[in-house]
Amino acid sequence: MADILVPFKNHDHIRKIASDFLHKYHPKDAYPTPIEEIIELKLNIDIIPIPGLHEILEVDGFISADLSSISVDEYVYKHRHGRYRFTLAHEIGHAIMHDGVYKHHGFSTTEEWKKFMENFPEDQWSWLEWQANQFAGLILVPSHHLEKRLQYHSKQIKALGIKNEDVIMDRVVELLAQDFVVSRDVILRRIDKETKKG
């Protein structure tokens, strides 16, 4: 599969794609982003929980080559809601940005997907995954909501008399993770990206 080349998309380009996606599929602009409803009701993509998927493929989910279904590890689906939401958003990122790659290299079973993944050039795979992660973070934690909630929570915590910046940030991250129904790691990456402005 040395012929696979992932289209170049930097963070600003992905930010525009994510913004267009939210404008089209979630014009109410409320948070948390109802990613499951968007996928099933607006994109007509099936979500299929599979027992032991993570053990088999070492991934939490994957989208089919024809982009008609997303398979998700059943444990993640049932017990790790933030991770489940991020997995869905990540896979939709592939559908939006990498449809040509997926459709060209068809697969329909977990075994075929594993072979597809194993034969993917490592540098291109890393780039593909980075792009999908950026997209997922942007649609689940939109910049304007993040900025407002970050300021709100910081102000509320400081009003309690807490002065230690590390303690404040730790609590703010926890509250933001609850607001957007994502993991702390997603919030930390989004804050880092926004403060670096790019």
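Let's start with helix α8, which covers residues 122–140 and so counts 19 residues. From its first C-alpha to its last, α8 reaches 27 Å, close to the 27 Å expected at 1.5 Å a residue. Keep in mind that this is a predicted model.

Which residues of α8 are buried? The list begins with Q124, W125 and L128, goes on through Q131, A132 and Q134, and then takes in F135, A136, G137, L138, I139 and L140. Here is a handy idea for reading a list like that: an α-helix has 3.6 residues a turn, so residues three or four places apart point the same way. Try picking out the buried residues W125, L128 and A132 on the structure to see where they sit along α8.

Now for the small sheet. It is an open one with 3 strands, in the order β1-β3-β2, and its pairing is mixed. Which strands stand at the edges? They are β1 (46–50) and β2 (61–63); each has a single partner strand, so one side of each is left without a neighbour in the sheet. Going from one strand to the next, the twist averages 20°.

Look a bit closer at β2 and you'll find 3 bridges joining it to β3 (residues 69–73), with the two strands running antiparallel. One of the residues to click on is G61, whose bridge partner in β3 is V72. The sheet has a helix for company, too: α5 (residues 81–97) lies across β1, β2 and β3. Its direction is at about 25° to that of β2.

The loops hold a few backbone surprises. Between α1 (11–25) and α2 (35–42) there is a loop that contains P32. The peptide bond joining Y31 and P32 is cis, with omega at about 0°. D29 is found in the loop between α1 and α2 as well, and its phi has a positive value although D29 is a residue other than glycine. V181 also has a positive phi without being a glycine; look for V181 in the loop between α10 (165–180) and α11 (184–195).

Here are the two positive-phi residues in a table:

| Residue | Phi | Relative accessibility |
|---|---|---|
| D29 | near 60° | 31% |
| V181 | near 55° | 23% |

Are these two buried, exposed or something in between? Buried means under 20% and exposed means over 50%. D29, at 31%, therefore counts as partly exposed. V181 counts as partly exposed because its relative accessibility is 23%.

Methods: Residues are numbered from 1 along each chain as its sequence is written. This is a predicted model: local features need pLDDT of at least 70, side-chain atom pairs count only at pLDDT 80 or more; totals for chains, interfaces and linings use all residues. Side-chain values use heavy atoms; hydrogens and water are left out. Helices (H or I, at least four residues) and strands (E, at least two) are DSSP runs, numbered from the N terminus. The expected span of a helix is 1.5 Å times one less than its number of residues. Buried means under 20% relative accessible area, exposed over 50%, partly exposed in between (1.4 Å probe, protein chains only). Two strands pair if DSSP finds at least two bridges between them. Axes are lines fitted to C-alpha atoms, for helices over the stretch in contact, and angles run from 0 to 180 degrees between N-to-C directions. Contact means heavy atoms within 4.5 Å.
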